[in-house]
Amino acid sequence: MNRVLITGAGGQLGKALAAITPPQIQTVSAERAVLDITNRESVMRWCEEHSPAGIVNAAAYTAVDQAESEPKLARAANTLGPQNLALAAKEHGIPLIHVSTDFVFNGKSGDHYKPTDSTDPLSVYGVTKRDGEQAVMAVEGVDAAIVRTAWVYDSEGKNFVTTMLKLMQEKDSLGVVADQIGSPTYVYGLATACWGLYEKKQTGIYHWTDSGVASWYDFAVAIQEEALELGILKSAIPIKPLTTADFPTPAVRPSNSLLDKSLIWEALGETSPHWRSNLRKALDKYKLMNRSFYSRASTSAFVS
Ligand SMILES: NC(=O)c1ccc[n+]([C@@H]2O[C@H](COP(=O)([O-])OP(=O)(O)OC[C@H]3O[C@@H](n4cnc5c(N)ncnc54)[C@H](OP(=O)(O)O)[C@@H]3O)[C@@H](O)[C@H]2O)c1
């Protein structure tokens, strides 16, 4: 049986990877308390004891704004951690799927970013993720695939969708940034793409997001429309478009987060669903879960 280690198993992607593991693969989910990827000795020991057939790294320091004041913590999880996993993968001759971000780019391109485009991160988080990619690729002979993604959400946990639903119930109006564009990405599509790359033994750098383009403002408007239609929200509130300057954050974010997916679509033999149809699926699930409790959320969900 193919036992694949999922690191960061307590996060959005880690949970989705475990939930939709292909039938022929068995997973071992390791949350941070079980396996801290920043500790090389623990990573090596864990791999010796469990002999995984592969590693999917969903662990990361994802608090984008907080990273500006905690660069060492961000670097440990986003640069040293992936390096440790790549070294372990090489030593055991197993593949590594590592997940990265659109924040490796400066967002100044007028087009979708290709995997081969030059990186130029604007934030501590972006720098540590870019350095993590480079640390993985620098491990000679490792079979590693890196999947950059953006604007990831689920129907539970702390993310933009759950944050907006909470605010739309609590507030009389909302302002949302309209001059940053990207592709909202349902975590289950991303998890499927990771498993696809694993099963097809792909290596190199890939981009995966849902299809289509939106600003955070467009995304918020769509969340409200779909949630009203599904009866998740009872009434609409006005949503005002803001500029990035109106909504200052400690970390600078790319204004264009669009990623070119043609390479991964070719490798997997399928394209990404449009973000709006995936949003509907996520909200259907949200409704089914019939949550009366809303996850702790904050406006720092403008994470990438
Ligand atoms: N969310 C997005 O919008 C987005 C956008 C672009 C790229 N990405 C990338 O996608 C991947 C998955 O993100 P996500 O949304 O699933 O993030 P997430 O929900 O924040 O999950 C990250 C998980 O990693 C764990 N972790 C942190 N440091 C660790 C360590 N040293 N050892 C082991 N586990 C550790 C966290 O545990 P704790 O909860 O204990 O900290 C958390 O469970 C990451 O590589 C992220 O950079 C995400």
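**Helix α5, two positive-phi residues and the ligand shell**

Good morning. Eight of the eleven residues of helix α5, which spans residues 160–170, are buried, so this helix is largely enclosed by the rest of the structure. I should state at the outset that the model is predicted.

The buried positions in α5 are F160, V161, T162, T163, M164, L165, L167 and M168. Which elements cover them? The covering elements include two strands, β6 (152–153) and β7 (174–177), together with two helices, α7 (216–229) and α9 (275–289).

Strand β6 leads me to the backbone. In the loop between β5 (144–149) and β6 lies W151. This residue is not a glycine, and yet its phi is positive, at about 50°. W151 is buried, with 27 other C-beta atoms within 10 Å.

K201 also has a positive phi, here of about 55°, and it is likewise not a glycine. K201 is found in the loop between α6 (187–199) and β10 (204–207). Is K201 buried or exposed? With 10 other C-beta atoms within 10 Å, K201 is exposed.

I turn finally to the ligand. The residues around it number 27, and those that come nearest are G8, G11, R32, A59 and A60. Two or more residues of the shell are given by each of α1 (12–19), α3 (71–92) and β4 (96–101). Helix α1 provides the largest share, three residues. As to the chemical character of the shell, twelve of its residues are nonpolar, twelve are polar and three are charged.

Thank you.

Note on methods. Residues are numbered from 1 along each chain as its sequence is written. This is a predicted model: local features need pLDDT of at least 70, side-chain atom pairs count only at pLDDT 80 or more; totals for chains, interfaces and linings use all residues. A residue is buried if 20 or more other C-beta atoms lie within 10 Å of its own, exposed if 12 or fewer, and partly exposed in between; C-beta atoms are placed from the backbone. Helices (H or I, at least four residues) and strands (E, at least two) are DSSP runs, numbered from the N terminus. Two residues are in contact if their C-beta atoms, placed from the backbone, lie within 7 Å. A residue is near a molecule or strand if its C-beta atom, placed from the backbone, lies within 6 Å of it. Ala, Val, Leu, Ile, Met, Phe, Trp, Tyr, Cys and Pro count as nonpolar, Asp, Glu, Lys and Arg as charged, and the others, Gly among them, as polar.
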